[in-house]
Amino acid sequence: MPKILLAEDDESMRLYLTRALEKVGYEVQAVDRGTAALPLLESEVFDLLLTDIVMPEMDGIELAQRAAVSAPDMRVMFITGFAAVALKAGSAAPTAKVLSKPFHLRDLVAEVDRLFQSEDQHGRL
């Protein structure tokens with residue numbers, strides 16, 4: 001099963017997303033900020049970085065850019081409540097999916113599933 005690194009500073013949202021993804025079978029490692037994600041990216045292999053864009057210390061865009069150096073094959077999906085920030089994210093990481101808050105959990109799970117199904121069809125994963 002694919003392994004997801006979730007970076008989300010809002011504790012309730014982080015727990016909510018973690019439970020939802022684990023419930024459908026994904027392995028999730030969750031952290032509360034981008035700077036906490038960096039050491040994990042260097043020591044473990046993840047299939048997806050699911051990150052909020054607006055976080056303290058390091059935003060999700062910078063995290064994704066740094067992750068691309070150490071894990072260039074890892075997929076990225078941004079979650080954000082700020083539409084203008086989402087547009088910036090799209091230009092910073094052209095292969096990244098942006099999911100705007102509020103969203104329903106089934107939408108998130110569907111997007112993650114779609115991302116991995118697409119990879120399976122191309123012989124990756």
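**Leucine 63, its core and the sheet around it**

Leucine 63 makes a handy way into this predicted model: setting aside neighbours within four places in sequence, leucine 63 is in contact with Ala7, Gly34, Ala37, Leu38, Leu41, Leu49, Thr51, Met55 and Met58. Leu63 also turns up among the residues with the most contacts inside the largest nonpolar core, together with Leu5, Leu41, Leu49, Met74 and Phe78. That core has 21 residues, and strand 1, helix 2, helix 3 and strand 4 each put in at least two of them. Apart from this core lies another one, made of 20 residues, including Ile4, Leu6, Leu17 and Tyr26.

Stepping back to the whole chain, the protein has 5 helices and 5 strands. Read from the N terminus, the elements go β-α-β-α-β-α-β-α-β-α. Of the 125 residues, 46% are buried. As for contacts with a separation of 6 or more, 62% of them are accounted for by residues 24 or more positions apart. The accessible surface adds up to about 6700 Å², and carbon and sulfur atoms hold 51% of that.

The 5 strands form an open sheet with parallel pairing, in the order 2-1-3-4-5. Its edges are strand 2 (27–31) and strand 5 (97–100), each of which pairs on one side only. On average, neighbouring strands of the sheet are turned by 20 degrees against each other, direction ignored. At one end of the order, strand 4 (residues 75–80) pairs with strand 5 in the parallel sense over 4 bridges. Phenylalanine 78 has valine 98, in strand 5, as its bridge partner, and Phe78 is also one of the residues with the most contacts inside the largest core.

Two helices can be placed against this sheet. Helix 2 (residues 34–43) packs on it, touching strand 1 (3–7) and strand 2, and its direction makes about 140 degrees with that of strand 2. Helix 3 (residues 60–70) packs on the sheet as well, touching strand 1, strand 3 (48–52) and strand 4; here the angle, taken with the direction of strand 3, is about 160 degrees. Within helix 2, the residues Gly34, Ala37, Leu38, Leu40 and Leu41 are buried. Their cover includes strand 1, strand 2 and helix 3. Leucine 63 fits into that picture, with Gly34, Ala37, Leu38 and Leu41 among its contacts.

Not every buried side chain here is a nonpolar one to look up in the cores. Lysine 3 sits in strand 1 and has a relative accessible area of 15%, which is under the 20% cut-off, so lysine 3 counts as buried. Beyond residues up to four places away in sequence, lysine 3 touches Glu27, Glu44, Val45, Phe46, Asp47 and Leu48. With one of these, glutamate 44, there is a polar contact between the two side chains, at 2.6 Å.

Glutamate 57 is worth a look for its backbone. Most residues other than glycine have a negative phi. In glutamate 57, however, phi is positive, near 70 degrees. This residue lies in the loop between strand 3 and helix 3. Its relative accessibility is 58%, over the 50% cut-off, so glutamate 57 counts as exposed.

Terms used. Residues are numbered from 1 along each chain as its sequence is written. This is a predicted model: local features need pLDDT of at least 70, side-chain atom pairs count only at pLDDT 80 or more; totals for chains, interfaces and linings use all residues. Side-chain values use heavy atoms; hydrogens and water are left out. Helices (H or I, at least four residues) and strands (E, at least two) are DSSP runs, numbered from the N terminus. Buried means under 20% relative accessible area, exposed over 50%, partly exposed in between (1.4 Å probe, protein chains only). Contact means heavy atoms within 4.5 Å. Accessible areas come from the Shrake-Rupley method with a 1.4 Å probe; for residues, only the protein chains shown count as cover. Two strands pair if DSSP finds at least two bridges between them. Axes are lines fitted to C-alpha atoms, for helices over the stretch in contact, and angles run from 0 to 180 degrees between N-to-C directions. A nonpolar core is a set of buried Ala, Val, Leu, Ile, Met, Phe, Trp, Tyr and Cys residues joined through side-chain atoms within 4.5 Å. A polar contact is a pair of N or O atoms within 3.5 Å; within protein, one must be able to donate a hydrogen and the other to accept it, and residues adjacent in sequence count only if both atoms are side-chain atoms.
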